[in-house]
Amino acid sequence: MARSDADMTAATRPDDAARAEAAAEGEAAIRPLRHGPLVLNLCTVLTGLALTLAVNQIFNLGFFVGFTVLENSYLYALGGLFLAVTYLAFPAHPRAAAHVPLYDLALSTLALGVSGYFAWTGEANVNMGWEYGAPLVAVILSFVLWAIIIEAMRRVAGLLMAAIVLFFSLYPIFAGAMPGPIQGFSQPLQDIIPFHILSSESSFGIPMNAFGGLVLGFVLFGAALQFTGGGTFFNNISFRMVGGYRGGAAKVATVGSGLMGSMSGSVISNIMTTGAVSIPAMKRTGFSPKTAAAVEACASTGGVMMPPIMGAVAFVMASFIGVPYSQIVMAAAIPSAIFYFALIIQIDSYAARRGLRGLDRSELPSLRQTLRNGWQYIVVFALLIWLLVGAQQERIAPYLATALLLVVNQLFPRTRLSLRGLRDLVAHAGIALAEMASLLIGVGLIVGAFSATGLSGTLATDLVFIAGGGTVALLIMGAITSFIFGMGMTVTSCYIFLAVVLAPALVETGLDPIATHLFIMYWGMVSYITPPVALGAFAAATLAGTRPIPTGLTAMKFGSIIYILPFFFVLEPALIGRGDWFTVATLVVLTFAGVWLIASGLQGYLAGFGRLGDGLRGMIARTAVLAGGFLIAMPATLVPHVGHLVLTTAGMAVALAGVAVVRIGSRATSV
C-alpha cells in the first residue's frame, strides 16, 4: 500500500488513537506513541534546537558567530536531533510505550553524539574526501550511525520497511554476483557503510536535502494550522460551499478532504478526521455505507496530490528534478483539478440517479460566522501562495506563513494558544518531523546503494531495452512497478526508489521530466483504493461500519480516473501546463469534457439529459458515453496521424449514439 509520510493530523493530536490510525496504515509499528510530560518536554527542546538551526540556515542569520555551518554539517545536526526525538517518542516494543526506558535515553543521546561528531567534522569530511578514505574513528562511528538509522526506520515504518532498507544498504556487497540488469560494482562492507554516511549521495543526500530545505518548514506550517483550528475552518467552508446541493455531504467530503490532505499529506489520518464527520453525514442523506466510505477514501487519497503542499514527496521531487518547488505545484494543479472534477461529477450523478438531496440549511454553518472566526487562514494561505508562486521563495515561504499565523492567532483570546498549547504544537510537530526524517534518512540508503553500484545509470538503459523502445510499453511497466512497490512502501519511499530506477528510463524516451515524476507518484498512490490492499478504503470502511472489499471496489469506481489520468498528462504535457496558452487551454477543456462523460457513464446519469437507462439498453448507452468521453480526452499521441479534432468528433458521435439509444428505447416503451 502506498502510504503517506507527513502524518501531520495524527501527529498533532496528542492521543494514542492517532498513532493507532497510522499504525493501521502501516506507517509505524503497531504501538502507541509516547506522550508523557518528559517526552513532550524533551521533544520540545530538541525540536526547538532543530528549528533554530533551520531558520539560521535558510535565512542565513549567522547565529553562530565565527563559525559557518556547511550544508552537510547542518544536515548531520538536523538528522541527529530528529533521530534523538525518534528514540524518545517511538517505543521499541508495545510494553515500552508507557515510559522511557534507560536504553532509549542512551540511544537518543548516542544519536545526538554521533551525529554531532559528523556535524563538527563536516568541513574536514568535504576537504579530505572522507567518503573514500575516512579516518578510523569516522569509520567506526559510521557503522554506529548506520545501525541507529536502521532501528529508527523499524520504529517509525515497521519491520518490513526496515528490512527493505537494510537489504538495499548492503546490496553493493554482492551486486557483482547478481544477474543481468541488476548487476553492479561490488564494494566491501568496510567501504560501503562509510560511503552511506559520509557521502552526499546516500543518507544525507537528496532526500535529507529536501527535508532540511523544504519539508521541515511545510510540516511545521501544517502543524500550526491544525493546532490553531485550520482544519475546522476549511471543513466549515466546505459545508457552506457545497453542503446544500444534491449529494452535498459527499461533495463536502471531497472538498474538505482535498484541502486537509494537501495540508497534512496523510491519507489515513485525513480519513480518520474528516471522515468522522463526513461519513455519518453522507449516510444520513442517503448514501450507502460502502459508497460513503469509498468517496471519503478517494477524496483523502487525492488530497496528497493536491497543491499547494502535497505532502513530502513534492519537495523531494523538486530536489530530484532540480526545479523550483513552485514548478511542481503548478504542474500538479491541472491533474489534481481533473481528479476532483471527476469525483464530484460521479457523486452528483450517483445522487441524481437515486434522488438524493443535500443537507438542510439548518445543518450548514454560517458563512459569516465561519469567516469571522477564520479569516486569518485565508490571509495566511494568500501569503503562502504568493511567496511560492509569485516571489519564488519556497524555502522561506512556510516559515513566514507560520510566523504570521501564530502572531495573528495569539492576538485573539478565543484562538490564543497557552504556553502548554505552544509546547504541544512544537513537540508534536517535532514527532511528525522525526518520523519523516528517520524515514528519509533510511530511504537515502537505497539511493546510495544505486549510486555506489552504478545501477542508477545502467538500469534505465536496460529497462528501455526490455520495453523494446516503446514509450507506452515502458509506461505500463512503470505503472505496474509503481503499484507493486506502492503496496509495500510509503509514498515517499516508493517515489524515491522509482525516481532512481524508473524515471531516468522514461525521461530517456523523450517524456517530460516533471510529467514523468508525477506519473510514478500517482501510480504509487493507486494502491490506496485498489484491493487487495486498499488500506485507505479499508480505514474508511471501518468508520462506515461496512465490509472492506466491497468498499475498495466501489472506491476503484469512484476514483477510476486516477488509473488513466497519469497516462493522459505524461503523453500530453499540455495537461501540466506545458506549451502555448491556446494549446493548453484547448486540451484542458477537452480533457474536462471527456472526463465529464467518463464519470457520467460510470454512474449512469448524464447532467442535462438524465438517466442513461437500465438493463441491456442502459449498459449499451453507458458504455457508449464512457467510450465517447475517453476518445475526447485521449492523448492524440496514442493514435499517430490522428489529431484531436478527429478524436473529439468521433467521441461526440459515439456519446450521442449512446444517448440516442436511450431516447429511442424510452419512446418505444412509452408507445
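## Exercises on a predicted, mostly helical chain

In helix α23, the buried residues are V491, T492, S493, C494, Y495, I496, F497, L498, A499, V500 and V501. Keep in mind that this is a predicted model.

**Exercise 1. Work out how enclosed helices α23 and α26 are.**

Step 1: Start with α23, which covers residues 491-501. Eleven of its eleven residues are buried, so α23 is largely enclosed by the rest of the structure.

Step 2: Move on to α26, residues 535-544. Here the buried ones are G536, A537, F538, A539, A540, A541 and A544. That's seven of ten, so α26 too is largely enclosed by the rest of the structure.

Step 3: Look just past the end of α26. G545 follows, and its phi is positive, near 70°.

**Exercise 2. Classify the ring pair F168 and Y171, then place it in its surroundings.**

Step 1: Recall what you need. A pair of aromatic rings is described by the distance of the centres and the angle of the planes.

Step 2: Read off the two values: 6.4 Å centre to centre, and 40° between the planes. Planes under 30 degrees apart would be stacked and over 60 edge-to-face, so this pair comes out as tilted.

Step 3: Find the pair in the fold. F168 and Y171 both sit in helix α9 (residues 159-174), three residues apart, about one turn of the helix. An α-helix has 3.6 residues a turn, so residues three or four places apart point the same way.

Step 4: Widen the view. Both F168 and Y171 are buried, and they belong to one aromatic cluster together with F167, F174 and F450. Across the protein, the count comes to 26 aromatic pairs.

**Exercise 3. Contrast N409 with R357: which is buried, which is exposed, and what does each touch?**

Step 1: Locate them. N409 lies in helix α19 (residues 397-410), while R357 is in the loop between α17 (325-354) and α18 (367-390).

Step 2: Check accessibility. N409 has a relative accessible area of 0%, so it is buried. R357 has 68% relative accessibility, so it counts as exposed.

Step 3: List the contacts, skipping neighbours up to four places away in sequence. N409 contacts T228, T415, R416 and L417. R357 touches Y245, R246, G247 and T285.

Step 4: Zoom in on one of those partners. R357 and G247 are 110 residues apart along the chain, yet their C-alpha atoms are separated by 6.0 Å.

**Exercise 4. Describe the largest nonpolar core and say which residues have the most contacts inside it.**

Step 1: Get the size. This core has 215 residues, and F211, F519 and F569 have the most contacts inside it. Helix α20 (residues 419-453) supplies the largest share, 18 residues.

Step 2: Follow F569. Leaving out residues up to four places away in sequence, F569 touches P335, A515, L518, F519, Y522, L575 and I576. F519, one of those partners, is itself among the residues with the most contacts in the core.

**Exercise 5. Sum up the whole chain in numbers.**

Step 1: Count the secondary structure: 31 helices and two strands.

Step 2: Take the burial: 60% of the 671 residues are buried.

Step 3: Look at the contacts. Among those between residues at least 6 apart in sequence, 76% join residues at least 24 apart.

Step 4: Finish with the surface. The protein exposes about 24400 Å², with carbon and sulfur atoms supplying 69% of it.

How values were computed. Residues numbered from 1 in each chain as written. Predicted model: local features only at pLDDT ≥ 70, side-chain atom pairs only at ≥ 80, totals over all residues. Heavy atoms only, no water. Helix = DSSP H or I, 4+ residues; strand = E, 2+ residues; numbered from the N terminus. Buried < 20%, exposed > 50% of the residue type's maximum accessible area, 1.4 Å probe, protein only. Contact = heavy atoms within 4.5 Å. Areas by Shrake-Rupley, 256 points an atom, 1.4 Å probe, with all protein chains shown as cover. Phe/Tyr/Trp six-rings, centres within 6.5 Å; stacked < 30°, edge-to-face > 60°. Core = buried A, V, L, I, M, F, W, Y, C linked by side-chain atoms within 4.5 Å.
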